Amino acid sequence: MGNQLSAHPLKQSASPGEFLAEVPQVTYKGTLGGGRFLKTVRCVHDDGGELVVKVYFKREDSPELAPHERRLREMAAALASPAPVYPHVWPYQRVLQTERAAY
């Protein structure tokens, strides 16, 4: 009885900062938020600028992410051209997928 997860919870042996070692030119600074699927972390680019990275940890039963990556790129292009119609919206700048996570 009670609330139960339908799938096994993500067994993380590493923090988001350790996963970010796979992302070039980015240094982990801290966690901004953690949801069930996406973790939000604050990072610093090697050039000195701050940025926010969304991290999706892959599981054994993770779905194929290519359709989602394609949709993110379409949304970024729609928000950026011809001129920013919504200047307060900052779309994803890059999408990176590794064996353990998607950024």
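This short presentation describes a four-stranded sheet and the surroundings of one of its residues, V41.

Good morning, colleagues. Please keep in mind throughout that the model is predicted.

I begin with the sheet. It is open, its four strands follow the order β1-β2-β3-β4, and the pairing is antiparallel. Strands β1 and β4, the latter covering 101-102, stand at the edges with a single partner strand each, so one side of each has no neighbour in the sheet. As a general reminder, the strands of a sheet pair through backbone hydrogen bonds, in either a parallel or an antiparallel sense.

Let me turn to β2, which spans residues 38-45. On one side, β2 pairs with β1, residues 26-34, in the antiparallel sense over seven bridges. Two of the bridge partners may help you to find the register: G30 is matched with R42 of β2, and T27 with V44 of β2. The connection from β1 to β2 is a hairpin of three residues.

On the other side, β2 pairs with β3, residues 50-57, again antiparallel and over seven bridges. Here T40 stands opposite K54 of β3. The hairpin of β2 and β3 has four residues between the strands, and within this hairpin G48 adopts a positive phi near 105°.

How many of the eight residues of β2 are buried? The count is six, and β2 is therefore largely enclosed by the rest of the structure.

V41, a residue of β2, deserves a closer look. Is V41 buried or exposed? With a relative accessible area of 0%, V41 falls under the 20% limit and is therefore buried. Beyond its neighbours within four places in sequence, V41 is in contact with residues that include Y28, G30, T31 and L32, and also L51, V52, V53 and V55. P16 and L20 are further contacts of V41. As for V52, its C-alpha atom lies 5.8 Å from that of V41, although the two residues are 11 apart along the chain.

Finally, I come to the surface. Which residues make the nonpolar surface patch of about 290 Å²? They are F37, L38 and Y92. Y92 belongs to the loop between α2, residues 66-80, and β4. Its relative accessible area is 37%, which means that Y92 is partly exposed. L38, by contrast, brings us back to β2, whose residues run 38-45.

To close, I would ask you to retain two points: β2 is largely enclosed, with six of its eight residues buried, and V41 within this strand has a relative accessible area of 0%. Thank you for your attention.

Methods. Residues numbered from 1 in each chain as written. Predicted model: local features only at pLDDT ≥ 70, side-chain atom pairs only at ≥ 80, totals over all residues. Heavy atoms only, no water. Buried < 20%, exposed > 50% of the residue type's maximum accessible area, 1.4 Å probe, protein only. Contact = heavy atoms within 4.5 Å. Pairing = 2+ DSSP bridges. Patch = residues over 30% accessible without salt bridge, like charges linked within 9 Å, V, L, I, M, F, W, Y side chains within 5 Å. Areas by Shrake-Rupley, 256 points an atom, 1.4 Å probe, with all protein chains shown as cover. Salt bridge = Lys/Arg side-chain N within 4 Å of Asp/Glu carboxyl O.
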